[in-house]
Amino acid sequence: SGGGSSNTLASGNAFTPEELAEIEKAANLISKEDAMAKVTAAFPATDGATLKSATLSADTITKDQYCWSLSMEKDGAYFYATVVANDGQIISYSGYSNEEKGTLRSEQAAKSAVDSLLQSICSEQLAQSKLQETEPEAVPLSESQEESPYYSVRYVRQANGIPFVNNSISVTYNRKTGNVEWFNCTWYPDAEFPDLSNCKTEADMLSLLFDSLDYGLIYRDLNGAKYLCYDFAQVTNALFDPVSGDRIGYDGEPIEEEEIPVYTDIEGHWCQDMALTLLENGVYFEGGKLNPESNVTQADFLRLLYASQQWYADSDNDVFYQDVVRRGILTEEEVNPAGTVTRAAGARYIIRLMGYDKVAQLPGIFQYPFADTVSPSDTGYVTLCYGFGILKGDEQGYFHPDQPLTRSAAISMVYYKMMA
């Protein structure tokens, strides 16, 4: 037995009382009372606690497995646990109290207590795992510093002698109270692991790595400071199938090598040199034509910005936009992949990407540098872009903030953003 992430389970698809009764009968699941008894037996701190809530959910990873998510309370302290309802195995627990009295137990005593717990509730998984070594303290404690009361360990699942980092057992023990405060066992019981017999050697894979990826001297940017280093250019990951030697993505599927385009429509155009410079650095629009005077779509502009940062941009637009919003470059309301981008919006996205969003929103400190007018909410973004040398006005000193951003203007903004 085992389970997926307990965080997922706790917020999974809960059942109605009627469904719950039928599931318990059909699947021969343990009751919530039995699940709580399992927790109390393993974690003495919960002895005498009151069950506040219990939710039965289907495990989102392991088929036909159900889990009880329990919430308990005792003297103002709260405890939470997830128990596999099929067989009663505890896969997560957390419990904290304000009580910090007691003599600090030795590390050996803490280890003994943790070992005893793991042997009692997950011995099968423990036998297939290896202790993950931690780095020792680099600087010894001074006389005024107290030794940490916490003892933590993590065991990582081993398959064919190789770590499977997605499955692990973690425990944190409080050496003052003598209680385990955190336990989690993430384990996929149905996982099947490929055989190692046909794998290439590490030497073969290193040779493939350097032959297939562009490695050499490259300039990097760190907070505006340029530095020189040896690195892989235009690489977001270096995962390889150990049997075929093909590059694979995070989904395990082969990566289709992307052909760098050769623009056929920029000869003599004012953005030609900038477009070619970006192209040499792996920053480009897909396709054989730049279409410099066409309006850029929001998705294409954002992907160009991601390429300039060497950030991974998922090919799935929905997944890509989730990351864009998570990074604060767009709000949910601004998402419009196929829509055009105004020149002011382009400045807004760039300033947010650069981390100056809050600065741009400061009222009354920016003097708009162009002859036309811009929305007060965009004044800071446009002015900052001007100050960084990312954008300029036309010969008459107009910026035209509400006009659509062309693909050539997008190239220019990204080019100067990289040079800023």
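1. Arg 352 is buried, at 12% relative accessible area (buried means under 20%, exposed over 50%, partly exposed in between, with a 1.4 Å probe and protein chains only). Its side chain meets Asp 357 in a salt bridge, 3.6 Å from N to O (a side-chain nitrogen of Lys or Arg within 4 Å of a carboxyl oxygen of Asp or Glu). Asp 357 is partly exposed, at 22%. Shared partners join Glu 334, Arg 348, Arg 352, Asp 357 and Asp 378 into one network of salt bridges.

2. This is a predicted model: local features need pLDDT of at least 70, side-chain atom pairs count only at pLDDT 80 or more, and totals for chains, interfaces and linings use all residues. Residues are numbered from 1 along each chain as its sequence is written, and side-chain values use heavy atoms, with hydrogens and water left out.

3. The whole structure has eight salt bridges. One of them pairs Arg 326 with Asp 323, the closest N and O atoms being 2.6 Å apart. Arg 326 is exposed, at 59%. Asp 323 is buried, at 17%. The two lie three residues apart in helix 9 (residues 317–326), so about one helical turn separates them (helices are DSSP runs of H or I, at least four residues; strands are runs of E, at least two; both are numbered from the N terminus).

4. How many disulfides does a search of the whole structure find? Zero (the cut-off is a pair of cysteine sulfur atoms within 2.5 Å). The sulfur of Cys 122 is 5.2 Å from the closest cysteine sulfur, in Cys 185, so it is too far for a bond. Cys 122 is buried, at 1%.
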